[in-house]
Structures are given as structure tokens and as C-alpha cells.
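Got the model open in your viewer? Take this as a walk through it, one selection at a time.

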Amino acid sequence: MLDFHLNRLQGTFQLDATLKVPARGVTALFGRSGSGKTSILRLIAGLERLDHGHLRLAGECLAGGEDNVFVPAHRRQLGVVFQEPRLFPHYTVRGNLCYGMPRALTPGKRQENRNRLHEMVALLGIEDLLARMPGQLSGGEARRVAIGRALLSRPRMLLLDEPLTGLDGARKQELLQYISRLAREIEIPILFVSHDTRELFAVADRLALVDNGRITASGEIGDMLSRLDLAPQTGRYEAGSLLSAEVLSHDDDWQLTRLGLGAGLSLQLARLAMPVGRRVRLRLRARDISIALKTPEHTSLRNVLPAVIHEIETERGHASAELVLGIAGQRVRARVDRLVCQELGLKVGLGVKALISSVALSGPDVISLDASADAPEPSSGSAAQAVSNTASDSSTDSSLTAKPSAPDTKNR
Ligand SMILES: Nc1ncnc2c1ncn2[C@@H]1O[C@H](COP(=O)(O)OP(=O)(O)OP(=O)(O)O)[C@@H](O)[C@H]1O
């Protein structure tokens with residue numbers, strides 16, 4: 001477990017952030033540009049000193065505390081990837097990758113290191129770069145090498161600050177999947193900063209909201225996204241929910257897949273190239289859900305799910321109302337016109353039907369949760385592209401401001 005209270009005045013900016021991060025899984029720091037995310041990572045990495053507070057990792061105090069300790073950055077054993085990859089300029093790419101790898105004193109361990117290096121090089125697609133010097137790399141190539149070096153060092157924690165910026169779509173998806181898989185396989189905390197909500201949906205287990213130097217709320221990502229009181233921070237326009245589901249069946253004739261949500265309920269969407277039984281995380285946008293009082297007849301909508309209204313939030317001056325529905329025991333956000341809310345007599349506790357178009361759900365909204373790196377199940381037809389598990393490069397749907405800064409950072 002990582003546990004911190006980081007207090008530091010930098011210029012006129014007061015950082016005062018408190019958080020506990022479990023030993024396992026990915027915690028995303030999310031907040032506007034200038035809210036303090038990078039400052040938090042720099043303090044944890046040991047690149048800056050605290051004014052007050054403490055930083056403990058697995059029970060060991062790395063900074064602050066009663067004795068005001070300061071373990072230098074290179075002794076913290078953290079894997080750090082910041083926006084600017086800082087590679088050792090006099091080492092080749094191979095030298096950079098091997099630099100932090102654990103010492104191998106037996107032939108077995110040496111072989112293990114070779115295997116890990118080989119696997120990482122293939123994953124990052126940097127086979128042809130191994131003999132090059134950092135000065136001969138493009139920005140995206142240098143980023144990949146920095147990620148590889150951080151992961152190969154067997155860190156006690158990973159700090160990733162916008163690690164995928166500048167990578168192309170396919171490479172970004174592979175790395176996101178890898179990070180997500182890694183997080184489920186290894187028992188170290190991962191702190192991930194990104195302004196791209198799709199990246200966060202793909203990898204984060206928990207979300208910590210950063211605002212003006214403080215962590216204002218934190219929790220399991222699905223819960224956080226479905227909390228209406230956090231809507232101003234988590235984003236209104238692209239508001240949605242993350243649901244747990246499982247691939248139940250495929251219909252190859254009609255190129256459809258059925259996902260089980262639990263409690264005997266299921267959803268249909270375009271054919272996914274994932275095997276039956278695969279556990280997934282499904283992203284549902286609030287604006288893609290309509291409400292009816294009973295099951296409509298003769299409709300093109302394939303997904304009609306019984307739901308109960310848990311919360312309603314209407315705001316004068318807004319055309320829409322925000323709802324939180326309970327569907328198969330999961331919290332799902334929906335958005336309808338305020339007028340419709342009144343006309344249908346929607347109120348907390350009312351049983352309704354949630355209508356979801358299968359067209360609104362696409363492959364990138366479905367993220368595999370299983371650790372296995374098995375190749376996606378082959379699929380014919382256009383839906384084969386639905387295998388892509390997460391963000392596309394072409395758009396980000398964060399309602400928050402993308403950040404422009406590239407702080408002066410060191411990788412080690
Ligand atoms: N060395 C410094 N001296 C003075 N102020 C600083 C220093 N470093 C950062 N700041 C200020 O601290 C605040 C937080 O910066 P930080 O880089 O942590 O934000 P961020 O949330 O990571 O932003 P972004 O998403 O744009 O990267 C900003 O107001 C920034 O101007």
C-alpha cells in the first residue's frame with residue numbers, strides 16, 4: 001500500500017494531497033491542467049522534497065514522517081515514466097533497457113532476464129532500435145524505451161505521467177492492454193496520470209480527483225463515474241458508467257455478441273472478437289440510454305433492461321436531467337430531457353425500462369479484464385475491428401482541458 005500526505009508550497013501553488021493507494025491495481029489521478037498531478041508524482045518519485053507530511057510505501061517511510069526522512073530517488077526502486085522520456089544519452093537502447101534490471105547471479109536468472117527483455121522488446125516494437133543511441137530516436141520511440149526500462153526494473157511501484165502521449169493508436173492500445181494486464185499480474189501500486197478519459201477507462205481500477213492541489217475524492221472507478229455530485233469534475237458531456245460483464249455468446253450470422261450483466265440480464269452489441277467467458281468492462285454513455293415506462297413494441301432498440309431509479313438530479317437552466325439507475329445491481333448513469341422527466345413522472349424508486357441501442361455500443365467501449373494475453377478470437381466481417389480494446393488516437397472525450405506543460409523530469 002502507498003499512503004501519503006504531501007504538503008509543499010511551490011511558488012504560489014499549495015499542494016496538500018492525501019491518499020491511500022492499495023498494493024494492487026491502477027489508480028488514476030485525474031484533474032484539470034495545473035491541478036497538481038505531476039507535482040504529486042514528482043514528490044513520490046523523490047524529485048522534490050516535502051515541506052510537511054509523509055510518504056510511505058509498503059510500510060517504509062520514503063519521505064517526511066516524524067524523522068523527516070528523505071530516501072533519494074535512485075534508492076526508491078520506482079519505475080517512473082514522465083511526459084519527457086529521459087534516457088541515459090551515452091547508453092544504447094539495449095543498455096538503457098538493461099540498466100535497471102535485477103542482477104542475475106545464476107544461469108536460470110540470466111535466462112529469465114533475457115526472456116523478459118525479449119518479451120518487452122517485442123511488445124514495444126523496438127527490435128530494430130536496440131543498437132541505437134537515444135539521440136537517434138524519435139519522440140515516440142524514446143517514450144517506448146522509457147516505458148520498457150521502467151517495467152523491466154521490477155519496480156516497487158510504477159508512476160506513469162501521460163506515458164502514452166504521442167504514440168500511434170495501435171501501439172497505444174497494445175501498451176494500455178499490457179499495463180492493464182501487468183496491473184492484474186503484479187502486486188505493486190500503479191499511479192497513472194492521463195487527460196484522456198478513454199485511457200483511464202481502459203486501465204484504471206480507481207480514480208482520485210485532483211483539484212487545486214488536493215485530492216477531493218477517490219474510490220473505485222465505476223462508483224466515482226456514477227456519482228452525480230462529482231459530475232463537474234469527472235465531466236458532464238461524456239458522462240457514463242463502467243459495468244462489469246461477461247461475453248455470453250456470439251451470433252455469427254448476424255455478427256452480434258451478447259454480454260451478460262448478471263441477474264440474468266444481457267446486452268447485445270456488434271460482434272466482439274473475444275472468446276465466450278471473457279470478463280469485460282463495458283462503458284455506457286449516459287446520453288446513449290433512453291427511458292421508457294414499459295417495454296416498447298415494434299422498436300429497433302435491441303436492449304431493453306429493467307431498471308430502478310436510484311437518484312435524479314435536475315438543474316434549472318439545463319435541458320437535461322441526470323439519473324442513476326440500478327441495473328443488475330450496478331449503478332448506471334442516464335441522461336434524459338428534464339421535460340421528459342416530468343412528463344413520464346420519473347421519481348426515485350420507480351421501476352422503468354432502460355433502452356440502449358446496440359449501435360451505440362462499439363468495440364472500443366468494451367475492455368477485456370482477463371489477465372491472459374491470448375490472441376483475440378478470430379472474427380469475420382467488419383466487426384473484427386471491434387477487437388480494439390480501448391482508446392483511439394483520433395479523439396479524446398475528456399471534458400477537461402488537455403495539459404500543455406512538459407515538466408523537467410528525470411526517469412531515475
Ligand atoms: N517548480 C515550481 N515552482 C512554482 N510553481 C510550480 C512549480 N512546479 C509546478 N508549479 C505550479 O504548480 C501547479 C501544479 O502543476 P502540475 O504540473 O503539478 O499540474 P498538473 O495537474 O500536472 O498539470 P498538467 O495536467 O498541465 O501537467 C501549477 O500551477 C504550476 O504552475
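Before the first click, a working rule: two residues are in contact if their C-beta atoms, placed from the backbone, lie within 7 Å. With that in hand, select A334: setting aside neighbours within four places in sequence, A334 is in contact with A286, I289, I291, L323, L325 and A354.

A word on what you're looking at. This is a predicted model, where local features need pLDDT of at least 70, side-chain atom pairs count only at pLDDT 80 or more, and totals for chains, interfaces and linings use all residues. Residues are numbered from 1 along each chain as its sequence is written.

**Whole chain**

Zoom out and switch to cartoon. You should find nine helices and 21 strands; helices (H or I, at least four residues) and strands (E, at least two) are DSSP runs, numbered from the N terminus. Of the 412 residues, 41% count as buried. Here a residue is buried if 20 or more other C-beta atoms lie within 10 Å of its own, exposed if 12 or fewer, and partly exposed in between, with C-beta atoms placed from the backbone. Among contacts between residues at least 6 apart in sequence, 69% join residues at least 24 apart.

**Two domains**

Colour 2-232 as domain 1 and 241-368 as domain 2; these bounds come from an automatic or database domain assignment. Their C-alpha centres lie 34 Å apart. The contact between them takes eight residues from domain 1 and 11 residues from domain 2. Which elements give two or more residues to the domain 1 side? Select α6 (197-203) and α7 (221-225). Helix α7 has the largest share there, three residues. By type, the domain 1 side divides into six nonpolar, two polar and no charged residues. For that count, Ala, Val, Leu, Ile, Met, Phe, Trp, Tyr, Cys and Pro are nonpolar, Asp, Glu, Lys and Arg are charged, and the others, Gly among them, are polar.

While α7 is highlighted, pick I221, which lies in that helix. Is I221 buried or exposed? It counts as buried, with 24 C-beta neighbours inside 10 Å. Beyond its neighbours within four places in sequence, I221 is in contact with A204, D205, R206, L207 and L242. For a distance check, try I221 to V71: they are 150 residues apart along the chain, and their C-alpha atoms are separated by 31 Å.

**The core**

Next, the largest nonpolar core. By a nonpolar core I mean a set of buried Ala, Val, Leu, Ile, Met, Phe, Trp, Tyr and Cys residues joined through C-beta atoms within 7 Å. This one has 102 residues, and L159, F192, V203, L207, L325, A334 and A354 touch the most other members. Helix α4 (residues 139-152) supplies the largest share, seven residues. Domain 1 and domain 2 both give residues to this core, so it lies between them. As background, nonpolar side chains tend to be buried together in soluble globular proteins.

**The five-stranded sheet**

Now go to the open sheet with the order β2-β1-β4-β5-β6 and antiparallel pairing; two strands pair if DSSP finds at least two bridges between them. Strands β2 (13-21) and β6 (69-70) are at the edges with a single partner strand each, so one side of each has no neighbour in the sheet. Helix α1 (residues 37-45) lies across β1 (2-10), β2 and β4, at about 115° to β1. Axes here are lines fitted to C-alpha atoms, for helices over the stretch in contact, with angles running from 0 to 180 degrees between N-to-C directions.

Follow β4 (residues 52-57) into β5 (residues 60-64): four bridges join these antiparallel strands. R56 has C61 as its bridge partner, and H54 has G64. The two strands form a hairpin with two residues between them, and A58 in the turn has a positive phi of about 50°.

One hairpin further on, β5 and β6 pair over two bridges, with A63 opposite F70. Four residues sit between these strands, and G65 in the turn has a positive phi of about 75°. N68 lies in this loop too. Although N68 is not a glycine, it has a positive phi of about 45°. N68 counts as exposed, with 12 C-beta neighbours inside 10 Å.

**Last stop**

Jump to A328, in the loop between β18 (320-327) and β19 (330-337). Its phi is near 50°, a positive value in a residue other than glycine. A328 is partly exposed, with 19 other C-beta atoms within 10 Å.
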